[in-house]
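Student: I have a structure open and want to learn how to read it. Can we go through it step by step?

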Amino acid sequence: MGFLQVRQLRKRFERVTAVDGVDLDIEEGEFFTLLGPSGCGKTTTLRVVAGLEKPDSGEIYLGERCLLSHSQRVFVQPERREMGMVFQSYALWPHMTVFDNVAYPLRLRRVKAPVVRQKVMEALALVGLAGLEDRPAPALSGGQQQRVALARALVFSPRVLLLDEPLSNLDARLREEMRRELKALQRRIRVTVLFVTHDQIEGLSLSDRIGIMNGGKLEQVGCPEEVYYRPATPFARDFLGKTFALGGKVSRPANEGLEVRLDGMACSPLQVAATSLPSARGGAPAAGDEVMVAIRPEQIAIWNSTPAGIPNVVPATLEGVHFLGDRYEYTVSLGSVTRLLIAPASQVLKAGQRVFLELKSEGITLWPRSG
Amino acid sequence: MNEAPAAAAETPARSWTPRLHRGLFLMILLIGSMGFYILYPLVLILINSFNVATIAEPPVYGLQAWRDAFSDAGIWVSLWNTIKIAIVRNLLVFPLGVLIAWILARTNIPFANGFEFLFWLSFMLPSIAVTFGWMLLLDPNTGLVNTWLKQIPFLNRITFDIYSFWGIIWVHCISGLDTKVILLTPAFRRMDAAMEEASRMSGGSTLKTMFRVTLPVMTPALVVVFLLGVVRLFESFEIELLLGIPWGFYVYSTKILDLARQEPPLVNQAAALGSIVLLLLAIIIPLQQRLIHGRQYTTVTSQFRPKLVDLGIWKFPLMLSILLIVFLAVGVPILSVLGGSFMVRFGFFNLPKTWTLEYWQMALSDPRLLEALENTLIVAGSAALIGPILFSLIAYILVRTRLPGRSILDAICWIPSAIPGVLAGLGLLWMFLGTPIFRPFYGTLFLLMIAFIMGGVTLSTQILKASFIQLGRELEEASRMSGAGFLRTYFKIVLPLMAQTMVLIGVLKFLFAARGASPIILLATSETRTLALLALDQIAAGYRETASITVLLVVLLTTGLALIARSFGLKVGIRAE
């Protein structure tokens, strides 16, 4: 039983089903991210949790408290949910100073003036804005506005912090900086966070757990490494990063130690761990099944010559080399197919030479050929 | 098109100087003519308030007009009445307008777009039509509502008298709400909904959010709309003319008319009163400009469709209230004017013969009506043709060129928006009667055209300037690079691209000319009366049935035209910017 529970949430807009039966269990103090492309329903889910949208059906519990239940006809107004929220546009009120913006939630709760002052100063210090409290809110830079919005959302010690793509309006350098600060801040104050983003780097680097959303449904929930290296669905696999994929045929079934012979390749069959099967696809493949072998490009090592005693080595020809600064992008051909590879800029390889690709078996996932 | 590209190519060094000279010449011409046209009449009002002789006679300077004006209590009363009406009207209309705009833009009220359209329709409805429509209902002796009240027991001692201060206020409220609503609704809609949501998430209820976030964030827009209303304080004319004069209640604009129409005309006293108003405006306008430019919040972000506030059980009561307001503003006046023109005796449904076409037959064969219709079409039509061409040239020069003197021209173009119609008319009257070479134009339609073209300078140049800025310089530069000169580019590229805006300006000019009475009431003669003036005369003379028909024709030429233009995709109206 999670701290924040969402059960069977559904929400339709006109003809579009934005959220289609989403269940979430978020632990207290957890940093949970909803990750997905725009229009996947992640923001709508967040807004329903906030109480800013009414869903068509579903239930939400925060601890023991029911915030929303369609069957019990419960709907707690957003101002009674004790949740802080940071908006994509920050939504700072331009007619108030930084201090007034942050003090607003406390004043609404009739906190006494000296306590308001103390808490606002603490919150501003927490986000690194001490000394700017008398500025008008529009007179701040984007990064500063973002911090004010964060301070305003945290100042009344909410039970949950909701973040709606808060980093997307910042430039690349600032975004990286804020990402690290946000993580450090969350570790320090241990607030439960529900974070929404379309940026996989943000999702992977910040979260304790990630929920991948697509078409209003949760595709996979897991810790970042799990969803990245062990994607449960084709969508999760393709959304989260580049994939190096080769066709093959199962030559030895799982119960005898799974092996896959690659199509049109004169190398020994790949040895694949049984855990390489995406969890969502039940049933081990039988011998003779057509499969697709998928691996993240960074799980491939490139060798100049056949490495001895290492399994899963595939010979290839280097067609092209492109220097990208901190790394190289290689175009390799394996028999009749051509693929892209990324490798750190430490090796010197020349176009046209023969290379040997080691597919690390822990990085391999197997998919049915249609996927 | 008198450029010679070949010559320009041969002598590139020289080609700059003549162009600048030509531009400078054009600038001087424009500043001179617009300045003369707009400023000279105003100067004449000021000068002639110190003139004792009447128009068209050699001036004799003295303070007699001011002395008379100051000793005549009526002048001070009329000024005070103007201000009193403005204050009461704004106190009633402004909060209601803000509330309705908020409801239409930010809540889940049904038919919000339909209501916005109806308020737009109400804005397009000439105030003569609204006033006359309500006169037919609330005349103390013959008004339909009062006749009905007399037949109801217990209520038969109540009489609503539209010829009273509160009658004037009633019509002002009914016809003044639309401007606030159509200006404020888009402003409320553009506000970032996340600001309100952030307040809800911080623990604020809907009501607290409205008072502590929504309204303060909207303050700049509210201030602008409120101040627009303050300047329009001196604009008001038709309602007071129809409802005030019958019981001797004057505002300054009807007082000026009254003074100028006396026998012998007291034009110098009218000029003194006009000067006082000009001085008041000279104080108010800079204040207004400073307040408007002082605070600008950027509230425009549109990440989401704004979250609609759930009105809950208030949804249908509020919808019905707004429906009632719109019905009072649009439905009631149109229905009563229609009834007035088709009923044998308006409001008498139990006569043996209730409906008739007789009045229409009479009116349509009445040479005075036909003459007024012709005058209206000529004046409004030529304003609609000349206005866009002249103002597009001015706007183009203001936006696109680097000629010196642009700020002077811009400032001159701002002035007419602040000058009430009656004052402009008084100034033009003086200019045309007092200047010998212009005197032959008096009594011609040309004079009315001049008045109407001047009235819309500010709005027209502002709209056109915005379009030129949007148009982008590259399209023109591409034409210049292809070898076309300035004038060829203007006529072949700029004007076709601006066609939609030009038509819009033309339609607006036509609308204002077809409905306006205050700028021309001092300038028109019985031969050059337009429909609006004819209607005013007919109403004053008590010909209710024929007046209904004239008013209906004005409605058709204005509201009808606006509806047609809108259905063709033209956004006829005003915006908050």
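Tutor: We will go through this predicted model in short questions and answers.

Student: How many helices and strands are there in chain A?

Tutor: Take the size of the chain before its parts. The C-alpha atoms of chain A fill a box of roughly 75 × 50 × 35 Å along the principal axes. Its secondary structure comes to eight helices and 21 strands.

Student: What percentage of the residues in chain A is buried?

Tutor: A residue is buried if 20 or more other C-beta atoms lie within 10 Å of its own. Apply that to the 371 residues of chain A, and the buried ones make up 39%.

Student: What share of the contacts in chain A between residues at least 6 apart in sequence joins residues at least 24 apart?

Tutor: Set aside pairs that are fewer than 6 apart in sequence. Among the contacts that remain in chain A, those joining residues at least 24 apart make up 66%.

Student: How far apart do the C-alpha centres of domain 1 and domain 2 of chain A lie?

Tutor: Start with the bounds. The domain assignment gives domain 1 as 4-233 and domain 2 as 242-368 in chain A. The C-alpha centres of these two domains of chain A are separated by 40 Å.

Student: Which helices are included in what covers the buried residues of α2(A)?

Tutor: Find the buried residues of α2(A), among them A:V98, A:N101 and A:Y104. Just after the helix comes A:R110, with a positive phi near 55°. The cover over the buried residues of α2(A) includes α3 (113-126) and α4 (142-154) of chain A.

Student: Is A:R73 buried or exposed?

Tutor: First, place A:R73: it sits in the loop between β5 (65-69) and β6 (74-75) of chain A. Its phi is positive, about 55°, although A:R73 is not a glycine. Most residues other than glycine have a negative phi. With 6 other C-beta atoms within 10 Å, A:R73 is exposed.

Student: Why does A:Q8 count as partly exposed?

Tutor: A:Q8 lies in strand β1 (residues 4-13) of chain A. It is not a glycine, yet its phi is positive, about 50°. A:Q8 counts as partly exposed because its C-beta neighbours inside 10 Å number 14.

Student: How many residues of chain B are in contact with chain A?

Tutor: Look at the chain A side. β7 (83-86) and α2 (98-108) of chain A each supply at least two residues to it. By class, that side has 13 nonpolar, four polar and three charged residues. Chain A brings 20 residues to the contact, and the number from chain B is 22.

Student: In chain B, which element gives the largest share of the side of domain 1 that touches domain 2?

Tutor: Chain B is divided into domain 1 (1-48 + 357-577) and domain 2 (66-356), with C-alpha centres 27 Å apart. Their contact takes 39 residues from domain 1 and 42 residues from domain 2. Several helices each supply at least two residues to the domain 1 side, including α2 (16-48) and α18 (421-434) of chain B. The largest share, twelve residues, comes from α25(B).

Student: How many residues of α23(B) are buried?

Tutor: α23(B) has 17 residues. From first C-alpha to last it reaches 24 Å, close to the 24 Å expected at 1.5 Å a residue. The helix is mostly covered, and its buried residues number 14.

Student: At what angle do α16(B) and α23(B) pack?

Tutor: Among the residues that meet are B:F391 in α16(B) and B:F510 in α23(B). The residues of this contact divide into 13 nonpolar, five polar and one charged. The crossing is right-handed. The axes are 8 Å apart, and the angle is about 140°.

Student: How far apart in space are B:L280 and B:F234, C-alpha to C-alpha?

Tutor: B:L280 belongs to helix α13 (residues 267-294) of chain B. It counts as partly exposed because it has 16 C-beta neighbours inside 10 Å. In sequence, B:L280 and B:F234 are 46 residues apart; in space, C-alpha to C-alpha, the distance is 10.0 Å.

Note on methods. Residues are numbered from 1 along each chain as its sequence is written. Chains are lettered from A and ligands numbered from 1 in the order in which they are written. This is a predicted model: local features need pLDDT of at least 70, side-chain atom pairs count only at pLDDT 80 or more; totals for chains, interfaces and linings use all residues. Two residues are in contact if their C-beta atoms, placed from the backbone, lie within 7 Å. Helices (H or I, at least four residues) and strands (E, at least two) are DSSP runs, numbered from the N terminus. Ala, Val, Leu, Ile, Met, Phe, Trp, Tyr, Cys and Pro count as nonpolar, Asp, Glu, Lys and Arg as charged, and the others, Gly among them, as polar. Axes are lines fitted to C-alpha atoms, for helices over the stretch in contact, and angles run from 0 to 180 degrees between N-to-C directions. A crossing is left-handed if the near helix is turned anticlockwise from the far one by less than a right angle, and right-handed if clockwise. The expected span of a helix is 1.5 Å times one less than its number of residues. A residue is buried if 20 or more other C-beta atoms lie within 10 Å of its own, exposed if 12 or fewer, and partly exposed in between; C-beta atoms are placed from the backbone. Domain bounds come from an automatic or database domain assignment.
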